[in-house]
Amino acid sequence: MKLRKIRYIIIVVLGYFLLKPVVPIDDYCSGLGAAMNFFFFGALILFVLLILTIFDVVGMIKSKVKFDFIPLLITMTIGIIYFSILELDDRKFWTKRTLTGRIEVEATPKSGVFKLYKNGTFAATLHNADNSCTFQGKYAIHDNKLELKRLDLSDMTQRVFTTQYFLDKNNKTLNPIDKSYGIVEIRK
């Protein structure tokens with residue numbers, strides 16, 4: 001019985017490492033690194049499942065032991081969760097998006113997407129030529145002044161986003177207080 005629990009734990013731990021980059025709870029990235037993570041941990045889970053299945057089939061033939069379907073069910077659950085998250089239009093399905101903005105950085109392959117959510121959180125996504133990373137935190141709006149409560153946002157987004165903006169509803173823009181940053185165009 002103890003050996004069976006260890007089998008389950010191994011698959012769950014591998015599933016955690018497979019799912020961690022795509023679950024939007026903290027900062028996350030996608031691109032080549034995320035694809036390599038998928039192939040590495042996905043192949044590892046399938047390899048472990050294959051080995052466990054072979055042991056179970058041999059055990060069924062030799063000792064008339066029942067086949068253990070739980071590793072297969074755990075693997076299928078991990079796969080369903082992974083591909084369900086990838087298919088979501090908005091990864092934060094538990095809250096509603098209230099504002100979406102976009103910024104293009106001239107003469108560079110960088111761009112950004114900015115989203116505010118009803119639950120008081122934001123997501124700032126930096127797109128580079130080969131990957132994109134999303135950085136999240138909380139925000140507050142007072143008198144059309146948006147303050148992002150994440151001090152390292154400027155460094156993390158390579159100075160594409162700053163932490164303070166004026167909300168200009170007439171022109172549909174977020175104008176940075178620090179003029180060395182670009183203007184974010186509000187799309188929705």
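Here is a friendly walk through the chain, from its overall form down to a few single residues. Keep in mind as you look around that this is a predicted model.

Let's begin with the whole chain. Its secondary structure consists of four helices and nine strands, and if you follow the sequence from start to end, these elements come in the order α-β-α-α-β-β-β-β-β-α-β-β-β. The radius of gyration is 22 Å, whereas a compact globule of 188 residues would have one near 16 Å. The box filled by the C-alpha atoms along the principal axes fits into that picture, at roughly 75 × 35 × 25 Å.

What about the inside and the outside? Of the 188 residues, 40% count as buried. The accessible surface of the chain amounts to about 11,900 Å², and carbon and sulfur atoms account for 64% of that surface. Charges are worth a look too: the chain carries 26 positive and 17 negative ones, and the mean positions of these two groups lie 9 Å apart. As for contacts between residues at least 6 apart in sequence, 43% of them join residues at least 24 apart.

Now zoom in on helix 2, which runs over residues 32–63. From the first C-alpha to the last, its 32 residues reach 46 Å, close to the 46 Å expected at 1.5 Å a residue. Which residues of this helix are buried? They are Ala34, Asn37, Phe41, Gly42, Ile45, Val48, Leu49, Leu52, Asp56 and Gly59. Their cover includes helix 1 (2–19), strand 1 (28–31) and helix 3 (70–87).

Leu44 also lies in helix 2, but Leu44 counts as partly exposed because its relative accessibility is 28%, and buried would mean under 20%. The C-alpha atom of Leu44 is separated by 9.1 Å from that of Ile11, a residue 33 positions away along the chain. Just after the helix comes Lys64, which takes a positive phi of about 60 degrees.

Further along the chain, two more backbone angles deserve your attention. Gln158 sits in the loop between helix 4 (153–156) and strand 7 (164–168), and Arg159 is found in the loop between helix 4 and strand 7 as well. Although Gln158 is not a glycine, its phi is positive, at about 55 degrees. Arg159 is not a glycine either, yet has a positive phi of about 65 degrees. Are these loop residues buried or exposed? Gln158 is partly exposed, with a relative accessibility of 41%, and Arg159 is partly exposed at 46%.

Notes. Residues are numbered from 1 along each chain as its sequence is written. This is a predicted model: local features need pLDDT of at least 70, side-chain atom pairs count only at pLDDT 80 or more; totals for chains, interfaces and linings use all residues. Side-chain values use heavy atoms; hydrogens and water are left out. Helices (H or I, at least four residues) and strands (E, at least two) are DSSP runs, numbered from the N terminus. The expected span of a helix is 1.5 Å times one less than its number of residues. Buried means under 20% relative accessible area, exposed over 50%, partly exposed in between (1.4 Å probe, protein chains only). Contact means heavy atoms within 4.5 Å. The radius of gyration is taken over C-alpha atoms; the globule rule is 2.2 Å times the number of residues to the power 0.38. Accessible areas come from the Shrake-Rupley method with a 1.4 Å probe; for residues, only the protein chains shown count as cover. Lys and Arg count as positive and Asp and Glu as negative; His and the chain ends are not counted. The place of a charge is taken as NZ of Lys, CZ of Arg, CG of Asp or CD of Glu.
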